[in-house]
Amino acid sequence: MMTMIPLLGCGGAPAPKNGVVKFIIESDVSTAAKVFLELKTRNGTNSREEADILLPYTLELPVDHSKPMNFKSAKLSAEASAAAKSITCRILYDGKKVSESTVEGNAPTATCESDNWPGALGK
């Protein structure tokens with residue numbers, strides 16, 4: 001499953017390319033019991049929670065570099081279904097890992113977060 005959501009910013013000098021922030025969830029089972037995603041920006045906080053998500057799950061957020069990076073922080077939390085033995089979450093920017101967590105156990109929950117935007121992205 002892949003969802004594309006445009007990322008808003010506010011004016012600025014053009015940059016040579018666009019980027020992509022990618023949220024990924026993987027497990028040894030085909031579903032996650034619950035997924036929580038939160039993005040804090042200069043304009044406020046956007047969050048969403050979903051249940052019974054098919055895995056692997058990928059959410060991509062395109063970033064227009066002609067606008068300043070508007071992230072303050074990003075958080076992804078994924079609770080595995082009862083049958084799971086492990087779950088992994090990752091946050092990537094243009095293929096570079098920003099945050100990753102793998103948790104093992106009975107119905108584990110993995111959490112990835114970064115509050116160093118855009119520093120975590122090398123911008």
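Which residue in E8 does leucine 92 stand opposite? In this predicted model, the partner of leucine 92 is lysine 97 in E8. The account below starts from the overall fold and comes back to the strands around this pair.

**Overall fold**

The protein contains 9 strands and 0 helices. Along the sequence the order is β-β-β-β-β-β-β-β-β. Of the 123 residues in the protein, 39% are buried. The exposed surface is about 6600 Å², and carbon and sulfur atoms supply 50% of it. Among contacts with a separation of 6 or more, 67% are made by residues 24 or more positions apart.

**Strand E7 and its partners**

Strand E7 covers residues 86-93. Of its 8 residues, 7 are buried, and E7 is mostly covered. E7 pairs with strand E2 (residues 19-27) in the antiparallel sense over 7 bridges. In E7, leucine 92 has lysine 22 opposite it. E7 also pairs with E8, again in the antiparallel sense, over 8 bridges. Leucine 92 is opposite lysine 97 on that side of the pairing.

The hairpin of E7 and E8 has 2 residues between the strands. Aspartate 94 is found in the loop between E7 and strand E8 (96-104).

**The disulfide**

The count of disulfides comes to 1. Cysteine 89 is joined to cysteine 112, with an S to S distance of 2.2 Å. Cysteine 89 belongs to strand E7 and cysteine 112 to strand E9 (residues 109-114), so the bond ties together parts that are 23 residues apart in sequence. The disulfide is right-handed because the torsion about the S-S bond is about 105 degrees. Both cysteine 89 and cysteine 112 are buried.

**Backbone features**

Two aspartates, neither of them a glycine, have a positive phi. The table sets out their values.

| Residue | Phi | Place | Relative accessibility |
|---|---|---|---|
| Aspartate 52 | about 50 degrees | strand E4 | 61%, exposed |
| Aspartate 94 | about 50 degrees | loop between E7 and strand E8 | 30%, partly exposed |

Why does aspartate 52 count as exposed? Its relative accessible area is 61%, and the cut-off for exposed is over 50%. Aspartate 94, at 30% relative accessibility, counts as partly exposed.

A further backbone feature is the peptide bond from leucine 55 to proline 56, which is cis, with omega near 0 degrees. Proline 56 sits in the loop between strand E4 (44-54) and strand E5 (57-63).

**Serine 77**

Is serine 77 buried or exposed? Serine 77 has a relative accessible area of 16%, so this residue is buried. Serine 77 is part of strand E6 (residues 71-80). A polar contact of 3.5 Å links the side chain of serine 77 with that of threonine 111.

Which residues does serine 77 contact, leaving aside its neighbours within four places in sequence? They are Lys34, Val35, Phe36, Thr109, Ala110 and Thr111. Strand E9 spans residues 109-114, and the contacts of serine 77 include Thr109, Ala110 and Thr111. Cysteine 112, one end of the disulfide, lies in strand E9 as well.

How values were computed
Residues numbered from 1 in each chain as written. Predicted model: local features only at pLDDT ≥ 70, side-chain atom pairs only at ≥ 80, totals over all residues. Heavy atoms only, no water. Helix = DSSP H or I, 4+ residues; strand = E, 2+ residues; numbered from the N terminus. Buried < 20%, exposed > 50% of the residue type's maximum accessible area, 1.4 Å probe, protein only. Contact = heavy atoms within 4.5 Å. Areas by Shrake-Rupley, 256 points an atom, 1.4 Å probe, with all protein chains shown as cover. Disulfide = S-S within 2.5 Å. Polar contact = N/O pair within 3.5 Å; in protein donor to acceptor, adjacent residues only side chain to side chain. Pairing = 2+ DSSP bridges.
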